[in-house]
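User: I would like to go through this model step by step, with the reasoning set out behind each answer. Please start once the structure is on display.

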Amino acid sequence: MSLLDDEALWRSSVVANCAMNRERGLASYSRELGIELALKSGMRWVDLCCGTGKALAEAAREDVTIIGVDLVDHHVAARPGLSFVVAPVDEWEPDALVDLVTCVHGLHYVGDKLGLLERAASWLAPGGRLVANFDVAGVRRADGTPFGRALTKALRDNGFVYDNRNRRISFTGEGQPQLPFTYLGADDKAGPNYTGQPAVHSCYEL
Ligand SMILES: C[S@@+](CC[C@H](N)C(=O)[O-])C[C@H]1O[C@@H](n2cnc3c(N)ncnc32)[C@H](O)[C@@H]1O
C-alpha cells in the first residue's frame, strides 16, 4: 500500500470533500461529543477541524476565548471572543494552555491522528478536557490490519478514555501522553467509515 505524507493528504479529494458536514451548530456539537458545551467566563476553547465554525459562533461571547482551526478558509465571520486560524491541525498549536479542546468528526481526515491526540492533550490546563470523535478502526498497521486491543490498551495506559460504542475519545488534563506508535503515513483510499463518508486510515508501527 502506498502511503501519503501530510502535504499529499491535505490535497486529497477525501480531505477536501465538499459533501462532508462542516456546518454543525452548538446543539449538534454537544450531541456528537456527548458533553454540555456551557462555557464559564474566562474559558479558553480550541476546536480542531472546525469547519465553518457555526457552533463556535453560537457559543462566542466577549468573556471567553474560542479558536477554530481548519485547513480551509470557509468559516463564518470572527466576532468578539472568537477567532479562526487557517492551518493544518497537524502543525498548529495554541500559545497558551486551554480548558477545552474539541474535534468534531475531524480526526477521520487527519494523518497522524495519535500524534494529534497526544499534542492536544498536552495543551490542557489543569482540569481541562479534550473530547473528540475518534474511531480506533481508522488506525492501522502498514499492511492495513487494525491494532485492536493493543491500541485501546495503549490509549488507556496513557490516560485516554475511549468510548467504543460512541466512538469518542477524551482526556482530562494536565498530561503528556506518549503513545508507543510511530506514524508511517495515510491511506486516503480506505473508503467510508462509520459516518458513511470516505475517511482516512492512519498507519503506524508499534
Ligand atoms: C466533517 S468536517 C467537520 C467540521 C466541523 N467540526 C463540524 O462538525 O461542522 C471535517 C473538517 O476537517 C477539516 N480538516 C481535515 N483535515 C484537516 C487538517 N489536517 N487540518 C485542519 N483541518 C482539517 C476539513 O477541512 C473539514 O472542515
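**Strands, helix, core and ligand shell**

Analyst: Before the questions begin, please keep in mind that this is a predicted model.

User: Which strands stand at the edges of the open sheet that contains E10?

Analyst: The open sheet is built from 3 strands in the order E6-E10-E9, with mixed pairing. E6 is joined to E10 (residues 201–205) by 2 bridges, and the two run parallel, with Cys 203 of E10 as the bridge partner of Arg 140. Because each edge strand has a single partner strand, one side of it is left without a neighbour in the sheet, and the strands in that position are E6 (139–140) and E9 (182–187).

User: Why do the buried residues of H4 lie on the same side of the helix, and how wide is their arc?

Analyst: Helix H4 spans residues 113–122, and its buried residues are Lys 113, Leu 114, Leu 116, Leu 117, Ala 120 and Ala 121. These residues pack against several strands, among them E1 (44–48), E4 (98–103) and E5 (124–133). They are placed on the same side of H4 because the arc they cover around the axis is only 160°.

User: Which element gives the most residues to the largest nonpolar core?

Analyst: The largest nonpolar core has 50 residues, and those with the most contacts inside it are Leu 48, Val 101 and Leu 130. Leaving aside residues up to four places away in sequence, Leu 48 touches Val 69, Val 89, Val 101, Cys 103, Gly 106 and Ala 120. With 5 residues, the element that gives the most to this core is H4.

User: Which residues of E8 point to the buried face?

Analyst: E8 is joined to E5 by 5 bridges in an antiparallel arrangement, and 3 bridges, also antiparallel, join E8 to E7 (residues 161–163). Ile 169 of E8 is the bridge partner of Ala 132, and Tyr 162 stands opposite Ile 169 as well. The side chains alternate along the strand, with Arg 168, Ser 170 and Thr 172 pointing to the face that is not buried, while the buried face holds Ile 169 and Phe 171.

User: Is Arg 167 buried or exposed?

Analyst: Arg 167 is found in the loop between E7 and E8, in a hairpin with 4 residues between the strands. Its phi is near 50°, a positive value in a residue other than glycine. The cut-off for burial is 20 or more other C-beta atoms within 10 Å, and Arg 167 has 20 such neighbours, so the residue counts as buried.

User: How many C-beta neighbours inside 10 Å does Cys 49 have?

Analyst: Cys 49 has its place in the loop between E1 and H3, and its phi is near 60°, a positive value in a residue other than glycine. Among the 20 residues that surround the ligand, Cys 49 is one of the closest, a group that also includes Arg 24 and Tyr 109. Cys 49 counts as buried because its number of C-beta neighbours inside 10 Å is 26.

User: How far apart in space are Lys 54 and Val 76, C-alpha to C-alpha?

Analyst: Lys 54 is found in helix H3 (residues 54–59) and counts as partly exposed because it has 18 C-beta neighbours inside 10 Å. Not counting residues up to four places away in sequence, Lys 54 touches Glu 23, Arg 24, Gly 25 and Val 76. Lys 54 and Val 76 are 22 residues apart in sequence, and their C-alpha to C-alpha distance is 6.7 Å.

Conventions: Residues are numbered from 1 along each chain as its sequence is written. This is a predicted model: local features need pLDDT of at least 70, side-chain atom pairs count only at pLDDT 80 or more; totals for chains, interfaces and linings use all residues. Two strands pair if DSSP finds at least two bridges between them. A residue is near a molecule or strand if its C-beta atom, placed from the backbone, lies within 6 Å of it. A residue is buried if 20 or more other C-beta atoms lie within 10 Å of its own, exposed if 12 or fewer, and partly exposed in between; C-beta atoms are placed from the backbone. The arc is that of the directions from the helix axis to the C-beta atoms. Two residues are in contact if their C-beta atoms, placed from the backbone, lie within 7 Å. A nonpolar core is a set of buried Ala, Val, Leu, Ile, Met, Phe, Trp, Tyr and Cys residues joined through C-beta atoms within 7 Å.
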